Amino acid sequence: MLGCIFAARNWAESYEKLKNEPEVKEEYGLKQHLAHRVEMKKLNDAIAAWRPRNMVDIDYLPSCGGSDSLPENTPEHAVAQLLEYWQKQSFQLICNMFVYPKKAVQAKNDYGGNAPISFKVLSVEDTAPVVTKVEVEVSFQKENRTISEKVLTITNYLDSDGNTLVRSDPNGKWKVMEASLARVASLYQSF
């Protein structure tokens, strides 16, 4: 009983000390403010300078080849890579390609057993400095029947923390919005 009283007293004393300590605030001075303004100016300049790619200049589309036939670190390369992972049933690699990653077990439930037999990257549309729509034709086979469907996938250019970047930033990667694959994932189930 006496031990409980001493423990309660010690707790109360340490609580009082903690309560009376001044709150530590991160300093944000002129130097940090100016550095932030410089970064914002660079970002605004990059956004202002951005122009969508001209389809005439993208002479490698349509592409029936795999991701190796497409320029690296492009939205079309990322979509082709995702579809290759799906064909190989590499669920952890599939998860790494999404804007909002998921667990491999969840990807296996969503994409297992219904791998595309082929795909073709048809076209791209750069809609913003961080967003591109990639049209693909995906083919599935089930019980000697083949079905092909055109699907518009949406990609985002992100840093390693999942924040959007302007596509000219070398530190980003293209990721696929999984919701844009919902139609094609359910396509296999429907026939």
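**Exercise 1. List the contacts of Lys102 beyond its neighbours within four places in sequence.**

Solution. Lys102 is in contact with Cys95, Ala107, Asp110, Tyr111 and Glu178, once neighbours within four places in sequence are left aside. Contact means heavy atoms within 4.5 Å. This is a predicted model, in which local features need pLDDT of at least 70 and side-chain atom pairs count only at pLDDT 80 or more, while totals for chains, interfaces and linings use all residues. Residues are numbered from 1 along each chain as its sequence is written, and side-chain values use heavy atoms, with hydrogens and water left out.

Next, place the residue. Lys102 sits in the loop between helix H4 (91–96) and helix H5 (104–111). Helices (H or I, at least four residues) and strands (E, at least two) are DSSP runs, numbered from the N terminus. From Lys102 to Phe91 the C-alpha distance is 9.7 Å, with eleven residues of separation in sequence.

Last, classify it. Lys102 has a relative accessible area of 14%, so it is buried. The cut-offs are under 20% relative accessible area for buried, over 50% for exposed, and partly exposed in between (1.4 Å probe, protein chains only).

**Exercise 2. Count the disulfides, then classify Cys64 and Cys95 as buried or exposed.**

Solution. Start with the rule: a disulfide is a pair of cysteine sulfur atoms within 2.5 Å. The count by this rule is zero. Now take accessibility. Cys64 is exposed because its relative accessibility is 59%. Cys95 has a relative accessible area of 1%, so it is buried. Cys95 is also one of the contacts of Lys102.

**Exercise 3. Find the aromatic pairs and assign each a geometry.**

Solution. A pair of aromatic rings is described by the distance of the centres and the angle of the planes. Rings of Phe, Tyr and Trp (its six-membered ring) pair if their centres lie within 6.5 Å; planes under 30 degrees apart count as stacked, over 60 as edge-to-face and the rest as tilted. Searching the whole structure gives two aromatic pairs.

- Trp86 and Phe140: the ring centres are 5.7 Å apart and the planes meet at 65 degrees, so this pair is edge-to-face. It links distant parts of the chain, with Trp86 in helix H3 (residues 75–88) and Phe140 in strand E2 (residues 131–142), 54 residues apart. Trp86 is buried at 1% relative accessibility. Phe140 is buried at 0%.
- Tyr157 and Trp174: the ring centres are 5.0 Å apart and the planes are at 45 degrees, so this pair is tilted. Tyr157 belongs to strand E3 (residues 145–158) and Trp174 to strand E4 (residues 173–176), so the pair ties together parts 17 residues apart in sequence. Tyr157 is buried, at 1% relative accessible area. Trp174 is buried too, at 5%.

**Exercise 4. Work out the strand order of the sheet and how its strands pair.**

Solution. Two strands pair if DSSP finds at least two bridges between them. Take the strands in turn.

1. Strand E1 (residues 118–128) runs antiparallel to E2, and nine bridges join them. Phe119 stands opposite Val138 in E2. The hairpin from E1 to E2 passes through two residues.
2. E2 and E3 are antiparallel over twelve bridges. Val138 faces Glu149 in E3. This hairpin has two residues between the strands, and in it Glu143 takes a positive phi near 50 degrees.
3. Assemble the result: an open sheet of four strands, ordered E1-E2-E3-E4, with antiparallel pairing. E1 and E4 are the edge strands, each pairing on one side only. The twist averages 30 degrees from one strand to the next. For such angles, axes are lines fitted to C-alpha atoms, for helices over the stretch in contact, and angles run from 0 to 180 degrees between N-to-C directions.

**Exercise 5. Describe the surroundings of Ser139 in strand E2.**

Solution. Ser139 lies in E2. Its bridge partner in E3 is Ser148. Residues up to four places away in sequence are not counted; Ser139 then touches Pro116, Ile117, Ser118, Thr146, Ile147 and Ser148. Ser139 is buried, at 8% relative accessibility.

**Exercise 6. Check the span of H3 and its burial.**

Solution. The expected span of a helix is 1.5 Å times one less than its number of residues. For the 14 residues of H3 this should give 20 Å, and the end C-alpha atoms are 20 Å apart, which agrees. Eleven of the 14 residues are buried, so H3 is largely enclosed by the rest of the structure. Among them are Pro75, His77, Leu82, Leu83 and Trp86. Just after H3, Gln89 takes a positive phi of about 60 degrees.
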